[in-house]
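Hello,

Here is the structure I promised to pass on to you. Please open it next to this email, and then read on for what turned up in it.

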Amino acid sequence: MDREKAIKLLNDHLKNENLKKHCLATEACMRAFARHFGEDEDTWGIAGILHDLDYEYTSEDPDNHGLKTAEMLQDEAVSENVLHAIKAHNKKADISSKMDISLYTIDPTTGFITACALMHPSKSLEAVTLKRMKKRFKEKSFAKGADRDQIKECSKLDMELDQFLNICRDAMADIHNDLGL
């Protein structure tokens with residue numbers, strides 16, 4: 001599947017603009033991690049775009065989140081490793097590959113970094129420094145939906161949290177106009 005088709009599916013199935021932005025942020029981060037690991041950026045990017053495709057259908061049924069996306073994509077040209085990563089990001093499949101771990105850890109991180117940007121007077125990713133992220137990371141009441149333990153699983157990528165956060169922030173900053181940040 002190419003990016004254009006993935007974006008069309010995203011727009012067809014998601015109405016919430018912030019959720020669409022989250023998927024774009026996840027795509028940007030997944031592409032950055034694919035580059036970092038020498039993997040295929042397009043494949044990893046597709047996983048990022050489509051990972052929450054079913055979110056508005058499964059918001060009242062979170063146990064099917066990810067599974068419904070895989071079902072929705074069964075007749076599309078989506079690789080098995082992308083479908084696996086999409087299921088794994090909600091623990092509906094084993095988290096075993098670098099793609100799986102990356103998507104699993106990036107998912108809450110994009111929300112966390114977005115919250116860091118929105119809490120700055122400039123509302124800009126440019127203002128989000130590693131120091132600011134680390135300070136906010138320790139605050140349990142800040143961006144409560146961003147599971148810190150899930151984010152810390154980046155260690156399974158042989159990566160320190162600081163490096164992980166910086167890669168994600170930089171990837172999101174590269175598309176700041178699309179994110180409105």
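Let's begin with a question: does Lys 134 count as buried, partly exposed or exposed? Keep in mind that this is a predicted model. Lys 134 belongs to helix H8, which covers residues 130-138. Its relative accessibility is 35%. Buried would need under 20% and exposed over 50%, so Lys 134 is partly exposed. If you would like to see how far apart two places can be, look at Leu 9 as well: it is 125 residues from Lys 134 along the chain, and the C-alpha atoms of the two are 35 Å apart.

Next, have a look at helix H7. This helix runs over residues 98-118, and at 1.5 Å a residue its 21 residues should span 30 Å. The C-alpha atoms at its ends are indeed 30 Å apart, so the expected and the modelled span agree. Even so, H7 has a bend of about 30 degrees at Ile 106, with a proline, Pro 108, following within four residues. Most of H7 is covered, as 17 of its 21 residues are buried.

One residue of H7 to click on is Thr 109. With a relative accessible area of 0%, Thr 109 counts as buried. Beyond its neighbours within four places in sequence, Thr 109 is in contact with Ile 151, Phe 164, Leu 165 and Cys 168.

Phe 164 brings us to the aromatic rings. How many aromatic pairs does the structure hold? There are five. In one of them, the rings of Phe 33 and Phe 164 have centres 5.3 Å apart and planes at 45 degrees, so this pair is tilted. Phe 33 sits in helix H2 (residues 17-37) and Phe 164 in helix H10 (residues 161-174), so their pairing ties together parts that are 131 residues apart in sequence. Both Phe 33 and Phe 164 are buried.

Phe 37 and Trp 44 make another tilted pair, with 6.2 Å from centre to centre and 45 degrees between the planes. These two residues are buried too. Together, Phe 33, Phe 37, Trp 44 and Phe 164 form one aromatic cluster.

Finally, there are charges over rings to look for. Lys 68 lies over the face of Tyr 57, 5.8 Å from the ring centre. Over the ring of Phe 137 you will find the charged end of Arg 148, at 5.4 Å from the centre.

Enjoy exploring, and write back with any questions!

Best wishes

Key. Residues are numbered from 1 along each chain as its sequence is written. This is a predicted model: local features need pLDDT of at least 70, side-chain atom pairs count only at pLDDT 80 or more; totals for chains, interfaces and linings use all residues. Side-chain values use heavy atoms; hydrogens and water are left out. Helices (H or I, at least four residues) and strands (E, at least two) are DSSP runs, numbered from the N terminus. The expected span of a helix is 1.5 Å times one less than its number of residues. The bend at a residue is the angle between axes fitted to the seven residues ending there and the seven starting there. Buried means under 20% relative accessible area, exposed over 50%, partly exposed in between (1.4 Å probe, protein chains only). Rings of Phe, Tyr and Trp (its six-membered ring) pair if their centres lie within 6.5 Å; planes under 30 degrees apart count as stacked, over 60 as edge-to-face and the rest as tilted. A charge sits over a ring if NZ of Lys or CZ of Arg is within 6 Å of the ring centre and within 35 degrees of the ring normal. Contact means heavy atoms within 4.5 Å.
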